[in-house]
Amino acid sequence: MDSELVQNLGILVLAGFAGFLVISKVPNTLHTPLMSATNAVHGVVVLAALIVLGQGVDLGVFNDILLVIAIIFGTINVVGGFLVTDRMLGMFKGKPGDKAKKQEETA
Amino acid sequence: MSWIQDPAFINILYIISFSLFIYGLMKLTGPKTAVQGNWIAAAGMGIAVVATLLIRGMSNWWLIALGVVVGTVISIPSAYKVKMTAMPQMVALFNGLGGGAIALISWAQFRDTGGFAEEELSKVIASLFAALVGSISFWGSNVAFGKLQEILPGKPIGLGRLQQPVNLLTFVAAVVCAVAIASGQTSEWWMIGLLVASAILGLMVVLPIGGADMPVVISLLNALTGLSAAAKGIALDNTALIVAGMIVGASGSILTSLMAKAMNRSIPAIVAGGFGGGGTGGGGDTGGEDRHVNSTSAADTAIQMAYAGNVVVVPGYGLAVAQAQHLVKEMSELLEQKGINVSYAIHPVAGRMPGHMNVLLAEADVPYEALKEMDEINSQFGQTDVSLVIGANDVTNPAAETNPDSPIYGMPILKVNQSQSVIVLKRSMSPGFAGIENELYYDPKTAMLFGDAKSSVADIVEELKQL
């Protein structure tokens, strides 16, 4: 077993615990935005596509096509995921009709 | 300026970026901080991408730009246009894209390295795991998308008794291909075999699962995509991928177990065979006799609520199907103007994915504070004068607590029957998708308001306006 692998496994396990702790604090109400945010986060696979495509020397057309599709998929995840989450979170509004009540009082 | 291409510097950027992922998700505890948290995580992603592009020897810039531009152009309009009722489909599709990307990357890497010939065994195994799980997730998610989008029938499609042996065989076939590659086979057919077998497995596992189990399936596929990203991170020695993938894996796992618990179903049982359709026929011995059901009118409902102190609305997926969220909100406003407390009791599996109902109500401008989780609202039903059940069925069935013979026995429910009176908006007396008779409807304090949810609520609103 080489040390790089062992280190990475350590990071993997710690990240798992961190994930469990952080995510278990998210209330049920925000679980849909949470899922779309994690959609965006797993778009991180775009990094893998960038590395394999960018570091390859002469990959051949078929490999290029596979990797460009992978980049497209990953980018859709990242961009789409964060935008949808933002749009959704914008719908959750605080305090019931604060504005509405004030308007009534002044009216 | 060579230091910016130093591997140590790039790794520091990765550490910053995964810290931002975690910090961003930590802010998802409330809707106000969550908006900021989302952008913090997005900034982390931006840094991770820049760091990757800095790696020494990057080439193929045009192809990279092509992928990024096409991806962005596709995603922006779909992110802004998708309807909130369609969020489960969108999330399913996005899960699939992530898994599909990993499967494609692993395939390309296999071709590029002559069948992982020079790679360390541990990295080969991680890559193969990523490819297998990624391919399952891609095809499974596409089926889930098809079912939710109603391109495919929502009913379970399966092979019956043959299902489990066939699933097991395809799984074994995928593992055999993986073992062959890991032990030095370099023929591309092994890799294609691996991808095809896991694709079939993904289809076979999700096709027999009914619409009602979708919240569990989506969460599970979310977890799988995360885990395969983490495995790919091990294979490429990339910390950003490992951490981000693992967090998504953890998140998906938590949601999967929450959803399964809320439906009182074990995850293996859901994956092993279709629920949401069959298997629940003989639900208790209550069906035969003619039992009395009270029915009521929109006018009476309006009066009853207008003289109440506390009203709890119990929305179910039927409300979303009827697109009645906005009318319900209008009704609540009219009641609040009369000084009545209105809150919403939301069961974890209301809707087609975790938290779906909350988003649908938030879209209709229902304030965040009025949305109550099951545990919180269950202690308040005792002080509730009127519970208004709209399009929810099984999650209100007291048989889950009282009748050990009921197929839903043990499922956590909203204890609607503890409130002073209950009004159920329902089209007819037909049982819900699980086919189980709801005891609540025969309770003497329950009144049924028959009709389409949307027009019933509209009638109540009209009556309230006249009071």
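1. Where in chain B is Glu150(B) found? Glu150(B) lies in the loop between α5 (121–148) and α6 (163–182) of chain B. I start there since its backbone catches the eye: phi is near 65 degrees, a positive value in a residue other than glycine. Glu150(B) counts as exposed, because it has 10 C-beta neighbours inside 10 Å and the limit for that class is 12 or fewer. Keep in mind throughout that this is a predicted model.

2. Two more positive phi values in chain B are worth a look. Asp237(B), in the loop between α8 and α9 of chain B, has phi near 55 degrees, and again this is a residue other than glycine. With 17 C-beta neighbours inside 10 Å, Asp237(B) counts as partly exposed. Asp365(B) sits just after α14(B) and takes a positive phi of about 70 degrees.

3. Now for chain B as a whole. It has 17 helices and seven strands, and its C-alpha trace spans about 75 × 55 × 35 Å along the principal axes. Of its 467 residues, 55% are buried. If you take the contacts in chain B with a separation of 6 or more, 80% of them are between residues 24 or more positions apart.

4. The helix that follows α9 on my list is α14(B), residues 356–363. Eight of its eight residues are buried, so α14(B) is largely enclosed by the rest of the structure. The buried set takes in His356(B), Asn358(B) and Glu363(B) along with Met357(B), Val359(B), Leu360(B), Leu361(B) and Ala362(B). α14(B) also supplies at least two residues of the side of chain B that touches chain A.

5. That brings us to the interface. On the chain B side 98 residues are in contact with 78 residues of chain A. The elements of chain B that each give at least two residues to this side include α1 (7–26), α2 (31–54), α3 (61–81), α8 (214–236), α9 (239–262) and β4 (371–373). The largest share, 17 residues, comes from α4(B). By class, the side of chain B that touches chain A has 61 nonpolar, 28 polar and nine charged residues.

6. A good place to see α4(B) at work in the interface is its packing with helix α3 (residues 45–55) of chain A. The two axes come within 9 Å and cross at roughly 20 degrees. α3(A) and α4(B) are therefore roughly parallel to each other, and their crossing is left-handed. From α3(A) the contact uses Val45(A), Ala48(A), Ala49(A) and Val52(A), which meet Gly98(B), Ala101(B), Ile102(B), Ile105(B), Ala108(B), Gln109(B) and Asp112(B) in α4(B). These residues divide into eight nonpolar, two polar and one charged.

7. Leu255(B), in helix α9 of chain B, is a handy residue to click on. Having 28 C-beta neighbours inside 10 Å, Leu255(B) counts as buried. Leaving aside neighbours within four places in sequence, Leu255(B) is in contact with residues of both chains: His31(A) and Met35(A), plus Ser219(B), Asn222(B) and Pro354(B). Leu255(B) and Met353(B) are 98 residues apart in sequence, yet 9.6 Å apart C-alpha to C-alpha.

8. Which residues have the most contacts inside the largest nonpolar core? They are Ala49(A) and Ile390(B), in a core of 196 residues. Its largest share, 16 residues, comes from helix α4 (residues 61–89) of chain A. Ala49(A) is also one of the α3(A) residues that meet α4(B). As for Ile390(B), its contacts beyond four places in sequence include Val313(B), Val314(B), Pro315(B), Leu319(B), Val328(B), Leu425(B), Ala453(B) and Val457(B).

9. Val328(B) and Val457(B) turn up again in a helix pair within chain B. The axes of α13 (residues 325–337) and α17 (residues 453–466) of chain B come within 9 Å and cross at roughly 25 degrees. At that angle α13(B) is roughly parallel to α17(B), and the crossing is left-handed. α13(B) brings Leu327(B), Val328(B), Glu330(B), Met331(B) and Leu334(B) to the contact, while the α17(B) residues include Val457(B), Ala458(B), Ile460(B), Val461(B) and Leu464(B). By class, this contact has nine nonpolar, no polar and three charged residues.

Key: Residues are numbered from 1 along each chain as its sequence is written. Chains are lettered from A and ligands numbered from 1 in the order in which they are written. This is a predicted model: local features need pLDDT of at least 70, side-chain atom pairs count only at pLDDT 80 or more; totals for chains, interfaces and linings use all residues. A nonpolar core is a set of buried Ala, Val, Leu, Ile, Met, Phe, Trp, Tyr and Cys residues joined through C-beta atoms within 7 Å. A residue is buried if 20 or more other C-beta atoms lie within 10 Å of its own, exposed if 12 or fewer, and partly exposed in between; C-beta atoms are placed from the backbone. Helices (H or I, at least four residues) and strands (E, at least two) are DSSP runs, numbered from the N terminus. Two residues are in contact if their C-beta atoms, placed from the backbone, lie within 7 Å. Axes are lines fitted to C-alpha atoms, for helices over the stretch in contact, and angles run from 0 to 180 degrees between N-to-C directions. Angles under 35 degrees count as roughly parallel, over 145 as roughly antiparallel, 65 to 115 as roughly perpendicular and the rest as oblique. A crossing is left-handed if the near helix is turned anticlockwise from the far one by less than a right angle, and right-handed if clockwise. Ala, Val, Leu, Ile, Met, Phe, Trp, Tyr, Cys and Pro count as nonpolar, Asp, Glu, Lys and Arg as charged, and the others, Gly among them, as polar.
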